[in-house]
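Subject: Structure handover

Hello,

Here is the structure I promised. Please open it alongside this email; my findings follow below.

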Amino acid sequence: MHKMTKMAPVDKKFLWDIFNKIDTDKNGSISGDELQQALRNGTWTAFNPETIRLMMSKANIIY
């Protein structure tokens with residue numbers, strides 16, 4: 001049986017600030033294009049659009 005560990009408290013202001021930086025069109029949601037611009041892989045290049053679609057579908061997000 002797995003032991004549950006306590007998670008650290010979430011800094012909601014910090015998360016909200018990040019969300020607002022990613023939501024560049026300020027419509028209250030993050031599009032695939034906005035997420036792609038915000039995320040970079042190890043070579044500082046944008047993620048492949050298919051990777052972004054997969055990530056958003058796994059998070060059950062409409063893009």
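Of the contacts in the chain with a separation of 6 or more, 8% are between residues 24 or more positions apart. Keep in mind that this is a predicted model.

Overall form first. The chain has a radius of gyration of 15 Å, where a compact globule of 63 residues would be near 11 Å. Its C-alpha trace spans about 40 × 30 × 25 Å along the principal axes. Of the 63 residues, 13% count as buried. The exposed area is about 5,800 Å², and carbon and sulfur atoms supply 62% of that.

Secondary structure is quickly told. The chain holds three helices and zero strands. The order from the N terminus is α-α-α.

Now helix α1 and what sits around it. A search of the whole structure turns up one aromatic pair. It is formed by Trp16 and Phe19, and it counts as stacked because the ring centres are 5.3 Å apart and the planes are at 10 degrees. The cut-off for stacking is planes under 30 degrees apart. Both residues lie in helix α1, three residues apart, which is about one turn of the helix. Trp16 counts as exposed, at 54% relative accessibility. Phe19 counts as partly exposed, at 21%. The value for Phe19 should be read against the limit for buried, which is under 20%.

There is also a nonpolar patch on the surface. Val10, Phe14, Leu15 and Ile18 make it, and it covers about 370 Å². Val10 lies in the segment before α1 (12-22). With a relative accessible area of 52%, Val10 is exposed.

How many salt bridges are there? The count comes to two.

- Asp17 with Lys13: the closest N and O atoms are 2.9 Å apart. Both residues lie in helix α1, four residues apart, about one turn of the helix. Asp17 is partly exposed at 31% relative accessibility, while Lys13 is exposed at 57%.
- Arg53 with Glu50: the closest N and O atoms are 3.0 Å apart. These two are three residues apart in helix α3, so about one helical turn separates them. Arg53 is partly exposed at 35% relative accessibility. Glu50 is partly exposed too, with a relative accessible area of 46%.

One loop residue deserves a look: Phe47. Where does Phe47 lie? It is in the loop between α2 (32-38) and α3 (49-58). Phe47 is partly exposed, with a relative accessible area of 22%. Which residues does Phe47 contact, leaving aside its neighbours within four places in sequence? They are Gln36, Leu39, Arg40, Asn41, Ile52 and Met55. Take Gln36 from that list. Gln36 and Phe47 are eleven residues apart along the chain, and their C-alpha atoms are separated by 6.0 Å.

To recap for your notes: three helices and zero strands, one aromatic pair and two salt bridges. The aromatic pair, Trp16 and Phe19, lies in helix α1. So do Asp17 and Lys13. The other salt bridge, Arg53 with Glu50, has its residues in helix α3.

Best regards

How values were computed: Residues numbered from 1 in each chain as written. Predicted model: local features only at pLDDT ≥ 70, side-chain atom pairs only at ≥ 80, totals over all residues. Heavy atoms only, no water. Patch = residues over 30% accessible without salt bridge, like charges linked within 9 Å, V, L, I, M, F, W, Y side chains within 5 Å. Areas by Shrake-Rupley, 256 points an atom, 1.4 Å probe, with all protein chains shown as cover. Salt bridge = Lys/Arg side-chain N within 4 Å of Asp/Glu carboxyl O. Buried < 20%, exposed > 50% of the residue type's maximum accessible area, 1.4 Å probe, protein only. Phe/Tyr/Trp six-rings, centres within 6.5 Å; stacked < 30°, edge-to-face > 60°. Contact = heavy atoms within 4.5 Å. Rg over C-alpha atoms; globule rule 2.2 N^0.38 Å.
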